[in-house]
Amino acid sequence: MNAPATLAQHDLLSKSERQAQVVRALQADLPPHALIWHAEDTTPYECDGLTAYRARPMAVALPETEAQVQAVLKTCHRLGVPVVARGAGTGLSGGAMPDAMGVTLSLAKFNKIVAIDPVGRTATVQCGVRNLAISEAAAPYGLYYAPDPSSQIACTIGGNVAENSGGVHCLKYGLTLHNVLRVRGFMADGEAVEFGGAALDAPGLDLLALVVGSEGMLAVTTEVLVKLVPKPQLARCIMASFDDVRKAGDAVAAVIAAGIIPAGLEMMDKPMTAAVEDFVRAGYDLSAAAILLCESDGTPEEVEEEIGRMSDVLRRCGATAIAVSESEDERLKFWSGRKNAFPASGRISPDYMCLDSTIPRKRLADILLAIQQMEVKYNLRCCNVFHAGDGNLHPLVLFDANDPDQLHRCELFGADILETSVAMGGTVSGEHGVGVEKLNSMCVQFTAAENEAMFGVKRAFDPEGMLNPGKVIPTLQRCAEYGKQVFRAGKTLPFDDLPRF
Ligand SMILES: Cc1cc2nc3c(=O)[nH]c(=O)nc-3n(C[C@H](O)[C@H](O)[C@H](O)COP(=O)(O)OP(=O)(O)OC[C@H]3O[C@@H](n4cnc5c(N)ncnc54)[C@H](O)[C@@H]3O)c2cc1C
């Protein structure tokens, strides 16, 4: 393993000299079209879906082969240059935001389906393959890839693995972690690695589980073996209206408590249905305080029985109207609203920040009511869409990033939601990752010892801290600063053990 260059050597170079040095070195690794570094070419890479935070990298490498990925990593490691892997850049927590003194490693050209095994029900795909493209390739065999982030038309399986992404169907079929068997890739120093295996269990420590959800901090993935599941014979969706968010929240808990695991169980509040309806006309009830979408899939007999049971529970919980999709077109129409919730919010506001905390299902109504009070406190609007079945919230705080005061209030609003979620027994992230967005809130979620344990894992994989540095795990110093800010603001948090360091 080559030792990385010392910090002192880097410090002697100006940023442009350093950039010239890095570009010269990478030119030896890559064909000319696979390396860009002029500002007009690298600007499109300066952020991910969290557009409020930006940085332009020194260079963007666009390798086409694993040998080129390895060479780029080796070169960057030798020169002590941070590397940020990038899929489609749809992440919502700033995970793929470049390092201004680093190289962005775009895996966009790794877009081949390597093999579909209909007998073993698996697909081997390169990391830049879009999530939906896996299901499209598996469709002729009656199979599909179950985790379905709403961004599935664009996001890559490499990004899904890094974020342990979820989606509407993950309540029944599991998250990315439960649907990936093996990943192949490279460590920070360019060493080739493979985690997991074709069988359900692999010998040794479960490093696959560590790498899934590690947000590009432990290794760069180049190839993934995923499970495929049979396409259900039938799927039908219930759209239920409620005149009170508490009744809707309680209905979610009641469905699960009745022993039903729906194929999807989503909730939207009134501001969200209004935004969505104006955009896609999904037929949502605009008079409702909240609507639920509850999906059942399986054989026609199973679906009929489950739809009946779910409808009974929803009625008992006070649903004011229940509509059940009568055709595949109608089912897709119901979901078109939910799937377009984020772009619909983008139509009614210059910017939005999508939060991603979790809470116990029984607290859904409590958090919605708390968010309504925060709208007044921070003088900003918020639309809410929830993967309600697994208690994963997506409040979308609307703001204008050109107004620094609005951005500041939006950040405070977001932190308040995350910290209130923790106080209610939840977590700061359900599926979008921590990235740069939730670093402060990690100080609230975890003790210093817990964060240090995560740094220990990071150091074991990447001793020099070259992969996606400065993200995901807060330093002790950062937590201390955050604790002081909280104290100075005279903020009263709804729990008594912060700061825990
Ligand atoms: C409209 C919209 C809807 C969304 N809906 C959902 C949803 O329902 N569920 C959900 O979970 N997310 C959702 N997201 C968030 C996002 O799409 C997911 O996090 C997705 O997995 C990111 O994939 P990507 O290819 O865009 O990754 P990027 O944004 O490019 O990167 C995300 C992270 O993965 C790392 N990374 C990317 N590729 C690799 C690789 N090959 N090796 C190592 N690290 C890598 C990056 O460094 C970064 O930390 C949504 C986003 C948008 C914009």
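This tour goes through a predicted model stop by stop, from confidence to a sheet to the cysteines.

**Confidence**

Colour the protein chain by pLDDT. The mean is 93, and 95% of the residues reach 70 or more. Now select residues 1–5. Here pLDDT stays under 50, and the model has 15 contacts beyond four places in sequence for this stretch. Go next to residues 492–501. The pLDDT is below 50 there too. Beyond near neighbours in sequence, residues 492–501 have 22 contacts in the model.

**The sheet**

Select strands 5, 6, 10, 8 and 9. These five strands form an open sheet, in the order 5-6-10-8-9. The pairing is antiparallel. Which strands stand at the edges? Strand 5 (113–117) and strand 9 (192–196) do. Each has a single partner strand, so one side of each is left without a neighbour in the sheet. Look along the strands for the twist. Neighbouring strands are turned by 10° against each other on average, direction ignored.

Zoom in on strand 8, residues 180–186. Strand 8 pairs with strand 9 in the antiparallel sense, over five bridges. Show the side chain of Arg-184. Opposite Arg-184 stands Glu-194, in strand 9.

Now add helix 5, residues 131–138. Helix 5 packs on the sheet. It touches strand 5, strand 6 (122–126) and strand 10 (220–227). The direction of helix 5 makes about 45° with that of strand 5.

**The disulfide**

Select the cysteines and show their sulfur atoms. How many disulfides are there? The count comes to one. Centre on Cys-443 and Cys-479, which form the disulfide with their sulfur atoms 2.3 Å apart. The angle about the S-S bond is -85°, and the link is left-handed.

Step back to see what this pair joins. Cys-443 lies in helix 17 (residues 439–445). Cys-479 lies in helix 19 (residues 476–488). The two cysteines are 36 residues apart, and the pair links distant parts of the chain. Turn on the surface: both Cys-443 and Cys-479 are buried.

**Cysteines without a bond**

Move to Cys-127. Why does Cys-127 have no bond to Cys-155? The closest cysteine sulfur to that of Cys-127 is in Cys-155, but it is 13 Å away, too far for a bond. Cys-127 is buried, with a relative accessible area of 3%.

Finish at Cys-294. The closest cysteine sulfur, in Cys-237, is 7.0 Å from the sulfur of Cys-294, and that is too far for a bond. Cys-294 also counts as buried, because its relative accessibility is 0%.

Methods. Residues are numbered from 1 along each chain as its sequence is written. This is a predicted model: local features need pLDDT of at least 70, side-chain atom pairs count only at pLDDT 80 or more; totals for chains, interfaces and linings use all residues. Side-chain values use heavy atoms; hydrogens and water are left out. pLDDT is the predictor's confidence in each residue, from 0 to 100. Contact means heavy atoms within 4.5 Å. Two strands pair if DSSP finds at least two bridges between them. Helices (H or I, at least four residues) and strands (E, at least two) are DSSP runs, numbered from the N terminus. Axes are lines fitted to C-alpha atoms, for helices over the stretch in contact, and angles run from 0 to 180 degrees between N-to-C directions. A disulfide is a pair of cysteine sulfur atoms within 2.5 Å. Buried means under 20% relative accessible area, exposed over 50%, partly exposed in between (1.4 Å probe, protein chains only).
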